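Trainee: I should like to request a close look at a single part of this protein. Please set that part in the context of the chain around it.

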Amino acid sequence: MKFLFDLDGTVTSVETLPIIAEYFNCKEQIAELTVKTVAGNVPFVESFIRRVNILGKNSVRETSELLAQVPLYPKVARFIEEHKEDCIIVTGNLTCWCEGLFKRIGCQCYGSEAECGNDEIVSLKTILRKEAIVDQYKALGETVVFIGDGNNDLEAMRHANISIAAGLTHDPAQSLMAICDYVIYDENALVRQMYQLCGQYGDSKSVVISCAGIGSRLGLGLTKALVQINGGSLISWQLKLFKEVEDLRLVIGFQGAEIIEEVRKYREDVVFCYNHRYFETKTGASYYLGARHANRESLEWDGDLLVHPDDVKMLLATPGEFICYGDITSEDSVCVHTNESGEVLNFSREGGDYEWTGPACMDKKHLTYCSQNVFNMFEPFCPMRGIKVRAYDIDTYNDYIRVSEITKDWKV
Ligand SMILES: [Mg+2]
C-alpha cells in the first residue's frame, strides 16, 4: 500500500504560496487567486502559471529556504517518517521552491519542474498531473491511498483505490465530496485512519453509524440523522451517547454536507465515510463501507436507532461479536429465533422470539460487501451471541412520536 499526499494544507499546516507572496510583498494578488483555485473556480493549470509568473522573479534559493521552515502537521509528518518507503508527496508546487521542504519531510516527492537561471524562474517545464503518479504506483500493483484537500486533487483521488478528503487547514474542495471515500477534519482521526489502513488497529471497538438513507418512510423530507427529537437532532443524541468512543465513524450519503455541518458542532474527530450509492443500496453496504478500514471489531448502528444509555454503555464494554434484539413491538419486523442461552439462531420475517433491532458487532474477518440489509451479513455466522437491549428505531411518523415520548426522561 502506498500513501500519496497532497502537500499544501494536507502535510503543511498552512498553504505555502501565500507565505512566498507575503515574503516578497505580493500578497493580495496571490491570495485572491489561491482562494479561487482551491474552490475550483479557476482551473489549476491556469492559476499555477499565473502564480509562477507573479512569484518567479524572486530568488529561488530564498524561496526554498523560506518553505523549508513551513510548519507541518506533526502527527502526519511522524506517520510519513515512520512509513518513509510507502509515503509519497505529490504537489503541483515547483520542485525548486520545495527542495528544502522535501528534504525535511524525507520521503519521495514529486512536483512541477521549472528551468532556473540567475536564481530565478526562467520558464515552466512541467506541471505535475497528480493522477499520473497514482497510475504509476497502481501499475506496479500497489493499492494507492490518496489524501488531499484541493480541487487539483480531484483526478488523483478518482484514480486512487482509496481517497481521503482532508479538511485540516480548510474545508475540502466541494468537488471532492462527490467522489471521496472519507472526509476527515481532525489530524488525530486522519492519522488513526492511516494506521488502520496499514493494519495497525486500536484496541477499542469502532462504532459505525449509518446515516446515508433518505428517510423516505418517515416523510419529513429529511435524512433521519437531522430529524429533531426533544430539542436536538437525532445525530446529536447519538454523539452524546458515543462521547467516549474514540473511533466514531459516520456513513453519509443523502444530505451528507448537512450532516457533516451538524456533527462538527459537537466534535471534529469523526471519520465520515461516504456511501455514494445510498439510493440503490441498503444498510449492509453502509456498514461495510464504514467498517472495512476500522478497528478489528465494529459496532453497527443504524442512525435511526436509539438505545437506552445504560445499554449503550454495556454494549461498548462487551468484547467480541454479538447481535442485539428487543421485545417485539411492530408487525412487519424482522425477528430472531433464539435458544435457551439467548444465542441468535436465525432471522425471520415470519415471527420469532424477539425483534431484530440492531445494533450488532462483527469482527473484520467476517466482513464482506453486502448491498442488502445488515442482518443478511450476520446470517451466515449464526448461531451468534445475542444480547437483549432497550432499542427503538424510527421508521415511521408514529415511531417518531413514540420514541420522542420514550426518550424524554433519558439522562445522557
Ligand atoms: Mg492542498
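Mentor: The UniProt record, an unreviewed entry, annotates residues 208–305 as "domain: MobA-like NTP transferase". In this predicted model, the C-alpha atoms at the two ends of residues 208–305 lie 12 Å apart, and the span is 27% helix and 24% strand.

As to the surrounding chain, the domain assignment gives domain 1 as 2–184 and domain 2 as 204–409. Taken over C-alpha atoms, the centres of domain 1 and domain 2 are separated by 39 Å. Contact between the two involves ten residues of domain 1 and twelve residues of domain 2.

A helix pair elsewhere in the chain may be described as well. In general, the packing of two helices is described by the angle between their axes together with the distance between the axes. Helix α1 comprises residues 16–23 and helix α4 residues 60–67; their axes come within 10 Å and cross at roughly 125 degrees. An angle between 115 and 145 degrees falls outside the parallel, antiparallel and perpendicular classes, and α1 and α4 are therefore oblique to each other. The crossing of these two helices, α1 and α4, is right-handed. On the α1 side, the contact is made by T16, I19, I20 and Y23, while α4 contributes E62, T63, L66 and L67. Sorted by class, the contact of α1 with α4 has five nonpolar residues, two polar residues and one charged residue.

Key. Residues are numbered from 1 along each chain as its sequence is written. This is a predicted model: local features need pLDDT of at least 70, side-chain atom pairs count only at pLDDT 80 or more; totals for chains, interfaces and linings use all residues. Side-chain values use heavy atoms; hydrogens and water are left out. UniProt positions are given in the numbering used here, feature names are shortened, and annotations may be inferred rather than shown by experiment. Helices (H or I, at least four residues) and strands (E, at least two) are DSSP runs, numbered from the N terminus. Axes are lines fitted to C-alpha atoms, for helices over the stretch in contact, and angles run from 0 to 180 degrees between N-to-C directions. Angles under 35 degrees count as roughly parallel, over 145 as roughly antiparallel, 65 to 115 as roughly perpendicular and the rest as oblique. A crossing is left-handed if the near helix is turned anticlockwise from the far one by less than a right angle, and right-handed if clockwise. Contact means heavy atoms within 4.5 Å. Ala, Val, Leu, Ile, Met, Phe, Trp, Tyr, Cys and Pro count as nonpolar, Asp, Glu, Lys and Arg as charged, and the others, Gly among them, as polar. Domain bounds come from an automatic or database domain assignment.
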